[in-house]
Amino acid sequence: MQHLMSPLDLSVEELDRLLTLANDIESHPQKYAHACEGKKLATCFYEPSTRTRLSFEAAMLNLGGSVLGFSTADSSSAAKGESVSDTIRVISCYADICAMRHPKEGAPLVASQKSTIPVINAGDGGHQHPTQTLTDLLTIRSLKGRLDNLTIGLCGDLKFGRTVHSLIHALIRYPNIRFMLISPEELRVPSYIREDVLRKNQVPFQEVERLEEAMGQLDILYMTRVQRERFFNEDDYVRMKDFYILNKKKMALAKEDMIVMHPLPRVNEISVDVDDDPRAAYFKQAQYGVYVRMALILTLMEVSVC
Ligand code: NCD
């Protein structure tokens with residue numbers, strides 16, 4: 001049985017097949033409408049979510065399956081002190097596959113070790129968010145036509161932003177990828193990403209503080225929210241929260257075919273006046289999240305549709 005804890009749990013070939021399946025689902029949704037009839041997805045969310053949980057639920061419903069779960073820790077037995085290991089043993093009796101989000105790094109991994117059904121990491125603390133990465137890769141491949149030969153600007157909270165960590169891990173496997181890491185000094189990528197992932201694999205990257213400095217070189221600008229919930233004190237958050245605001249004026253510095261991505265939710269880091277720019281891809285990206293999660297559910301449950 002396969003779980004998904006990190007984007008690296010899938011080889012480049014498996015990933016390629018999964019993205020191709022997601023594109024086929026987008027083009028022929030009817031073909032897949034009954035693929036998971038009689039199957040159940042459990043969504044166990046110990047942390048807030050809109051897109052991830054609802055896109056997982058939409059994905060399973062689109063496949064003809066059903067969903068159950070909880071959306072806050074305090075509405076589950078976690079509030080009574082139950083461990084994730086015990087919870088997943090029980091969920092394994094009720095559902096066929098589980099998506100779990102947890103504020104503690106590694107909690108979905110612990111769950112997967114006790115589970116008899118596939119477990120998907122739907123975000124664990126500031127660590128990884130592999131299904132957002134699948135969404136991001138599908139968006140890039142669909143809108144740019146490739147996953148290689150790209151200069152990607154990652155901007156904002158690169159320290160706590162788990163979507164950024166997972167995306168870097170996934171993209172370095174493709175040829176000729178270059179990163180511009182755009183962040184304030186205090187929110188730079190963790191050193192294990194800089195040293196063990198980027199330097200060790202000889203991936204070219206540059207760390208800059210000013211968005212304007214990077215803008216003209218980028219094929220993709222990936223904006224992120226400052227992760228308020230991971231800060232130790234509110235004053236630091238308040239100081240950092242509006243460090244970057246992408247607006248029309250800054251968009252004028254970008255290439256004609258650059259795309260702007262954001263895992264969402266957005267706070268202030270992208271001004272609403274950018275939404276109508278044809279290069280703004282973040283709402284389309286949220287739509288791709290449903291197709292890719294449908295493809296993932298089919299893959300992990302080993303359901304094939306002819
Ligand atoms: C992201 C997350 O939860 O890490 N959201 C999402 O799943 N689309 C990004 C964020 O919360 O900033």
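How many bridges join strand 1 to strand 2, and in which sense do the two strands run? In this predicted model, strand 1 and strand 2, the latter formed by residues 66–70, run parallel and are joined by five bridges. Within this pairing, threonine 43 has glycine 69 of strand 2 as its bridge partner. Strand 1 itself, which covers residues 40–45, is also joined by five bridges to strand 3, and these two strands likewise run parallel. In the pairing of strand 1 with strand 3, cysteine 44 stands opposite methionine 100.

Strand 3 in turn pairs with strand 4, formed by residues 119–124, in the parallel sense and over four bridges. Methionine 100 takes part here as well, since its bridge partner in strand 4 is asparagine 121. Methionine 100 of strand 3 is thus placed opposite cysteine 44 and is also bridged to asparagine 121 of strand 4.

The cover over these strands can be described residue by residue. Strand 3, which spans residues 97–102, is mostly covered, with six of its six residues buried. From this strand, Ile97, Ala99 and Arg101 point one way, whereas Cys98, Met100 and His102 point the other way, and the residues of both sets are buried. Strand 1 is mostly covered too, five of its six residues being buried.

Turning to the protein as a whole, the secondary structure comprises eleven helices and nine strands. The C-alpha trace spans about 55 × 45 × 40 Å along its principal axes. For a chain of 306 residues, a compact globule would be expected to have a radius of gyration near 19 Å, and the value of 19 Å found for the protein therefore agrees with that expectation. Of the 306 residues, 55% are buried. When contacts between residues at least 6 apart in sequence are considered, 76% of them join residues that are at least 24 apart.

The surface and the charges complete the description. The accessible surface of the protein amounts to about 13300 Å², and carbon and sulfur atoms account for 49% of this area. The protein carries 36 positive and 40 negative side chains, and the centres of these two sets lie 1 Å apart.

Note on methods: Residues are numbered from 1 along each chain as its sequence is written. This is a predicted model: local features need pLDDT of at least 70, side-chain atom pairs count only at pLDDT 80 or more; totals for chains, interfaces and linings use all residues. Side-chain values use heavy atoms; hydrogens and water are left out. The radius of gyration is taken over C-alpha atoms; the globule rule is 2.2 Å times the number of residues to the power 0.38. Buried means under 20% relative accessible area, exposed over 50%, partly exposed in between (1.4 Å probe, protein chains only). Contact means heavy atoms within 4.5 Å. Accessible areas come from the Shrake-Rupley method with a 1.4 Å probe; for residues, only the protein chains shown count as cover. Lys and Arg count as positive and Asp and Glu as negative; His and the chain ends are not counted. The place of a charge is taken as NZ of Lys, CZ of Arg, CG of Asp or CD of Glu. Two strands pair if DSSP finds at least two bridges between them.
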